[in-house]
Amino acid sequence: MRNKDYQIEFKAGRFKEYEKTVLSANLCIHFIPMSFVKYGSNDIVRFDCKGYTSIGQYEKIPIYHMLDIMEQIFRILSTTAENLILPSRVTLNADTVFYSKKKNKVKIAYIPLKDDKASLRENVMDFIYQMETKTSQGTRGYFRTMLRCLDIDNYSMNDMADMTFEMKTELDRVKLDNR
């Protein structure tokens, strides 16, 4: 999905009615704008991704940009409930996370997870594993730290965002020291 609209047909009921209302009105600015059309017993969902490219379209992403993307995702997940979107229902993968290099901003194409009992922690950990492959081999320690903090240290999404910000700050410091 690159800088254009696309649509997907879902079985009716996948999206809760209040989710449709919030997302259609674009009340949650961290999600790709969406519209819904009822088609028989299904819903056709149109995503307006102008100016954004799915992370899946990128072969490799420099570690600083990846950390910035991850920080933004953690911040988004920590605030979605304010707009009645449960973070545990947000599908995170390389096709649902979009990035604008021009704006340096992340948005998510909201697709609810099929399993209502899914864990936010497991969903985020799976996403971290996917993103680890998008960076160079020598930078994978950052992702291992993220996984440990989620799995063992039980960090919240805000804690994860703060930790990722600290990682970016450390990278900046190393760059300055190497000048």
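**Entry 1: the whole chain**

I started with the surface: the accessible area of the chain is about 9,500 Å², and 51% of that belongs to carbon and sulfur atoms. Accessible areas here come from the Shrake-Rupley method with a 1.4 Å probe, and for residues only the protein chains shown count as cover.

A note to myself on the source: this is a predicted model, in which local features need pLDDT of at least 70 and side-chain atom pairs count only at pLDDT 80 or more, while totals for chains, interfaces and linings use all residues. Residues are numbered from 1 along each chain as its sequence is written, and side-chain values use heavy atoms, with hydrogens and water left out.

Next I looked up the fold elements. I found 5 helices and 6 strands in the chain, where helices (H or I, at least four residues) and strands (E, at least two) are DSSP runs numbered from the N terminus. Read from the N terminus, their order is β-α-β-β-β-α-β-β-α-α-α.

Then I turned to overall dimensions. The C-alpha trace spans about 60 × 35 × 25 Å along its principal axes. The radius of gyration is 17 Å, which agrees with a compact globule of 179 residues, because that would have a value near 16 Å. The radius is taken over C-alpha atoms, and the globule rule is 2.2 Å times the number of residues to the power 0.38.

Of the 179 residues, 44% are buried; buried means under 20% relative accessible area, exposed over 50%, and partly exposed in between (1.4 Å probe, protein chains only). I also checked contacts (heavy atoms within 4.5 Å): among those between residues at least 6 apart in sequence, 71% join residues at least 24 apart.

For charge, I noted 28 positive and 24 negative side chains, with the centres of the two sets 6 Å apart. Lys and Arg count as positive and Asp and Glu as negative, without His and the chain ends; each charge is placed at NZ of Lys, CZ of Arg, CG of Asp or CD of Glu.

**Entry 2: helix H1 and glutamate 19**

Which residues of H1 are buried? I have Glu19, Lys20, Val22 and Leu23 on my list. The buried residues of H1 pack against strand E2 (34-39) and strand E3 (42-48).

Glutamate 19 caught my eye, a residue of H1 (residues 17-24). Glutamate 19 counts as buried because its relative accessibility is 0%. What does its side chain reach at 2.9 Å? The partner is the backbone nitrogen of lysine 16. A polar contact of 2.5 Å joins the side chains of glutamate 19 and tyrosine 110. For a polar contact I need a pair of N or O atoms within 3.5 Å; within protein, one must be able to donate a hydrogen and the other to accept it, and residues adjacent in sequence count only if both atoms are side-chain atoms. Not counting residues up to four places away in sequence, glutamate 19 touches Arg14, Ile85, Arg89, Tyr110 and Pro112.

**Entry 3: valine 124**

I moved on to helix H3 (residues 120-132), which holds valine 124. Valine 124 is buried, as its relative accessible area is 1%. Leaving aside neighbours within four places in sequence, I see valine 124 in contact with Phe74, Leu77, Leu92, Leu150 and Met157.

**Entry 4: positive phi**

Asparagine 26, just after H1, has a positive phi of about 55°. Leucine 84 has phi near 70° and sits in the loop between helix H2 (63-79) and strand E5 (97-100). Asparagine 104, not a glycine, has a positive phi of about 50°.
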